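I set these notes down while going through the structure, one topic at a time. The sequence and the model come first, and my entries follow.

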Amino acid sequence: MSAKPLLDVTGLTKFYGQRLGCEDVSFDLFEGDVLAVVGESGSGKSTLLGLLAGELEPTAGHIDYRQQNDETVELGSLDEGARRALMRTEWGFVRQDPREGLRMAVTAGGNVGERLMAKGDRHYGQIRQRAGDWLEKVEIEAQRIDETPRSFSGGMRQRLQIARNLVTHPRLVLMDEPTSGLDVSVQARLLDLIRGLVTDLGLAVVIVTHDLAVARILSHRIMVMRRGRVIEQGLTDQVLDDPADAYTQLLVASVLAA
Ligand SMILES: Nc1ncnc2c1ncn2[C@@H]1O[C@H](COP(=O)(O)OP(=O)(O)OP(=O)(O)O)[C@@H](O)[C@H]1O
């Protein structure tokens with residue numbers, strides 16, 4: 001494992017015209033690190049994730065990523081093709097709405113196998129085998145491999161999206177509220193599954209959530225945002241058990257009161 005961070009984010013700022021999306025966000029992320037970004041609606045969480053995924057152009061700041069070959073690249077310097085290739089191979093992005101992260105007209109096996117093909121796998125039998133293995137890993141019966149996700153429940157779609165993202169063993173996974181919008185019991189199982197996979201694969205993760213319980217279960221470190229700015233960051237247990245900032249105290253107290 002390298003002593004250098006996988007991701008080094010410095011002074012990241014995004015204005016939408018006059019409106020602030022996020023300002024001066026800095027952090028680094030090492031292999032195996034899980035960082036939760038929390039905050040109320042409009043605090044800039046999605047903006048930050050969009051910048052990290054290269055879907056938004058920063059107004060200022062930069063994101064340095066250490067590639068598999070140990071060379072560091074500034075994401076802004078990559079052209080569209082190189083950025084997409086990176087997203088398909090070394091990175092994953094689990095979206096809140098699985099319909100945005102899956103190809104709904106393509107079979108479950110195709111959704112998972114496509115990522116292997118993007119990484120260069122060509123052997124059909126092996127691709128199908130690995131796709132089937134991954135379906136089972138995310139608790140989808142392998143015999144449903146030829147169904148499209150249209151016939152899957154919300155929880156199954158989300159698990160399929162996770163399989164699609166993790167099958168290639170990415171080094172960094174961005175997650176946007178992966179458990180919201182699901183029933184509480186489905187959420188709990190999914191969280192368990194994500195926690196197991198993240199640990200087993202030693203993934204580095206940036207997870208956006210408004211749910212402090214999700215942050216507590218999944219993350220080692222937490223970053224609290226408000227009105228586009230980072231107001232507190234540190235070890236998750238420390239920040240949640242003993243928040244230094246008055247706003248974080250309120251956020252934690254409101255969960256306890258709920
Ligand atoms: N495309 C856009 N154009 C203009 N302003 C935007 C755009 N997207 C976000 N914003 C603004 O940027 C600020 C941060 O929004 P953002 O969506 O990043 O917050 P969030 O924490 O993800 O909220 P939520 O939890 O509701 O998704 C808000 O004031 C929002 O109105």
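Which residue in β7 is the bridge partner of glycine 92? I looked this up in the model, which is a predicted one, and found that glycine 92 has valine 173 as its bridge partner in β7. The two strands concerned, β6 (residues 91–94) and β7 (residues 172–176), pair in the parallel sense over four bridges.

**Entry on the six-stranded sheet**

I then followed the strands outward and noted an open sheet of six strands in the order β6-β7-β8-β3-β9-β10, with mixed pairing. At its edges stand β6 and β10, each with a single partner strand, so one side of each is left without a neighbour in the sheet. Direction ignored, neighbouring strands of this sheet are turned by 15° against each other on average.

For the pairings inside this sheet I checked β8 (residues 204–209) against both of its neighbours in the order. Strands β7 and β8 pair in the parallel sense over five bridges, and along that pairing leucine 174 stands opposite valine 206 in β8. Five bridges also join β3 (residues 34–38) to β8, again with the strands running parallel, and here valine 38 stands opposite threonine 209.

**Entry on burial in the strands**

Why do I describe β8 as largely enclosed by the rest of the structure? I do so because six of its six residues are buried. Looking at the two faces separately, I find Ala204, Val206 and Val208 on one side and Val205, Ile207 and Thr209 on the other, all of them buried, which leaves both faces covered. As background, I recall that in a regular strand the side chains alternate between the two faces of the sheet.

I made the corresponding check on β6, where Trp91 and Phe93 point one way while Gly92 and Val94 point the other way, and all of these are buried.

I also asked which residues touch the most other members of the largest nonpolar core. That core has 63 residues, and the ones in question are Val37, Leu135, Ala163 and Val205. Not counting residues up to four places away in sequence, alanine 163 touches Val112, Trp134, Leu135, Lys137 and Val138.

**Entry on glutamine 233**

Glutamine 233 has its place in strand β10 (residues 229–235). Is glutamine 233 buried or exposed? I record glutamine 233 as buried, because it has 20 C-beta neighbours inside 10 Å and the cut-off for burial is 20 or more. Leaving aside residues up to four places away in sequence, glutamine 233 touches Phe27, Arg221, Ile222, Met223 and Val224. I also looked up its separation from valine 255, which is 22 residues in sequence and 18 Å in space, C-alpha to C-alpha.

**Entry on the four-stranded sheet and α1**

I next turned to an open sheet of four strands, which has the order β2-β1-β4-β5 with antiparallel pairing. Strands β2 and β5 (72–74) stand at the edges, each with a single partner strand, so one side of each is left without a neighbour in the sheet. From one strand to the next the twist averages 20°. Three bridges pair β4 (residues 60–66) with β5 in the antiparallel sense, and in β5 the bridge partner of aspartate 64 is glutamate 74.

Helix α1 lies across β1 (7–16), β2 and β4, and runs at about 60° to β2. I find α1 mostly covered, with six of its eight residues buried, namely Lys45, Thr47, Leu48, Leu49, Leu51 and Leu52. Just after α1, glycine 54 takes a positive phi of about 75°.

**Entry on the ligand shell**

Which residues come nearest to the ligand? Of the 13 residues around the ligand, I list Tyr16, Ser41, Lys45, Ser46 and Thr47 as the nearest. Both β2 (19–29) and α1 (45–52) supply at least two residues of this shell, and α1 gives the most to it, with three residues. Sorting the shell by class, I note one nonpolar, ten polar and two charged residues. Lys45 and Thr47 therefore appear twice in my notes, since they are among the residues nearest the ligand and are also buried in α1.

Conventions:
Residues numbered from 1 in each chain as written. Predicted model: local features only at pLDDT ≥ 70, side-chain atom pairs only at ≥ 80, totals over all residues. Near = placed C-beta within 6 Å. Nonpolar A, V, L, I, M, F, W, Y, C, P; charged D, E, K, R; others polar. Core = buried A, V, L, I, M, F, W, Y, C linked by C-beta atoms within 7 Å. Buried ≥ 20, exposed ≤ 12 C-beta atoms within 10 Å, placed from the backbone. Contact = placed C-beta atoms within 7 Å. Pairing = 2+ DSSP bridges. Axes fitted to C-alpha atoms, helices over the stretch in contact; angles between N-to-C directions.
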